[in-house]
Amino acid sequence: MNIAIVGTGYVGLVSGTCFSEMGIDVTCVDVDAAKIERLNNGIIPIYEPGLETLVHKNVRSGRLHFTTSLEEVLDNVDIVFSAVGTPPDEDGSADLKYVLAVARTIGQHLNKYTVIVTKSTVPVGTAAKVKATIQAELDKRGVNVEFDVASNPEFLKEGAAVKDFMSPDRVVVGVETERARAIMARLYKPFMIVSDRLIFTDIPSAEMIKYAANSMLATRISFMNDIANLCELVGADVNMVRKGIGSDTRIGKKFLYAGCGYGGSCFPKDVKALIKTADDLGYSMQVLKAVEAVNEAQKSILFGKLLKHFNGDLNGKTIALWGLAFKPETDDMREAPALVLIDKMVKAGATVRVYDPVAMDECRRRLGDVVTYCKDRYDATAGADALMLVTEWKEFRMPSLDVLTRTMNGRLVLDGRNILDADELKAHGFTYHCIGR
């Protein structure tokens, strides 16, 4: 089976590489010629554990290819995946200009039956727009070419995307015809050897599933952050509360960790898009609006604790910040709490010294020289009046408190992920603040 995937961002590159690992011939397409040239030279544009090795392996095997021309490969593929970006528009809705541009290109060059699959996270009704766009271009050409559209949302966790794709907990495919269903079933058959987790639905349901799933996870995070903030006021411990409610099988233990807010490419964008979809239909998603509001406030909570400790004056203070990415095992800083915190601290007159195991270049690309980039975690704490932990990388879990005592000027630690040992820090003379305790 031969397939094409348009878009070599996070979803497209991981999907294409993993499909090729299963023996499928994959051509990844992108309009960014420089990115395609780098990929052809073995340079991977994103950090994702295990991805680089698989890309190199499957390029060598001749199953994974990169090009800028979709029209050149259309005649040779059975399926085209659209995995281009859907950035939020100013009103929060998903911007579909790239998705529809791909559809137009397909319509202008399609010559045989092909299944066109939306892999990007798109609002309900997008597949219908894609279908109409392709058909309009075919009509302009005066040709009659059969095709099907399908929706195949991704559920990849950054930092574990390769594992998630190779061993999915479910694969959702929305189709309109049995022909498309049979082709998609054949495509995913290698992934279903151990157990069949392939779920076929109608197309609108498939499109909704992705948004509903991410919105539910975001809701759990904001709910626990709200509970954590109340715990601090009443003298409770959110970790104990989490264990207590997570033991209820109806609730479960996952996504009940309090922290300094969620970020990334999915949760913020998808919550906004679902809210906007409902608003356009005259319905208000009141729970999700609260989820979004809680999260935005939560990103500033460490700054509030820092400001309070220094009596509202950060001018001339040096703050060490551990963690820039929105989560561990990725260099993705989209909507990261670190961006909000850095902005507030710099504007308040503080010097910010930062360290992250993989996101330093991404931070430099986004922020330039407004912060000081450090070679390791202890370099970041040199001369610091306070340490702020923002991303729960494993190497931050057990720092040497003797080294911190020697390198830091101050004795304040702000733990935005509740991973440090409060008693141990206090025994070494540190003032420790976390979330919800």
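## A cavity and a neighbouring topic: strand S4

The largest cavity is lined by Thr-118, Ser-120, Thr-121, Val-122, Ser-151, Pro-153, Ala-206, Glu-207 and Lys-210. The model in which this cavity appears is a predicted one, and a search of the whole structure finds three cavities of 30 Å³ or more, of which the largest has a volume of about 40 Å³. Rolling a probe the size of a water molecule over the atoms is what reveals such empty space.

When the lining residues are sorted by class, three are nonpolar, four are polar and two are charged. Which helix gives the largest share of this lining? That share, three residues, comes from helix H8, which covers residues 203–234.

One of the lining residues, Thr-118, also leads to the strands, since in S5 Thr-118 is the bridge partner of Ser-82. Strand S4 is joined by bridges to S1 and to S5, as the table sets out.

| Strand paired with S4 | Residues | Bridges | Direction |
|---|---|---|---|
| S1 | 2–6 | four | parallel |
| S5 | 114–118 | four | parallel |

On the S1 side of this arrangement, Ile-5 stands opposite Phe-81 in S4. Are the residues of strand S4 buried or exposed? Ile-79, Val-80, Phe-81 and Ser-82 are all buried, although Ile-79 and Phe-81 point one way from the strand while Val-80 and Ser-82 point the other way. In a regular strand, the side chains alternate between the two faces of the sheet.

Key:
Residues numbered from 1 in each chain as written. Predicted model: local features only at pLDDT ≥ 70, side-chain atom pairs only at ≥ 80, totals over all residues. Heavy atoms only, no water. 1 Å grid on protein atoms, 1.4 Å probe; cavity = no way out; pocket = protein on both sides within 12 Å on 5 of 7 lines; lining within 4 Å. Points joined across faces, edges and corners; volume = space filled by probe spheres on them. Helix = DSSP H or I, 4+ residues; strand = E, 2+ residues; numbered from the N terminus. Nonpolar A, V, L, I, M, F, W, Y, C, P; charged D, E, K, R; others polar. Buried < 20%, exposed > 50% of the residue type's maximum accessible area, 1.4 Å probe, protein only. Pairing = 2+ DSSP bridges.
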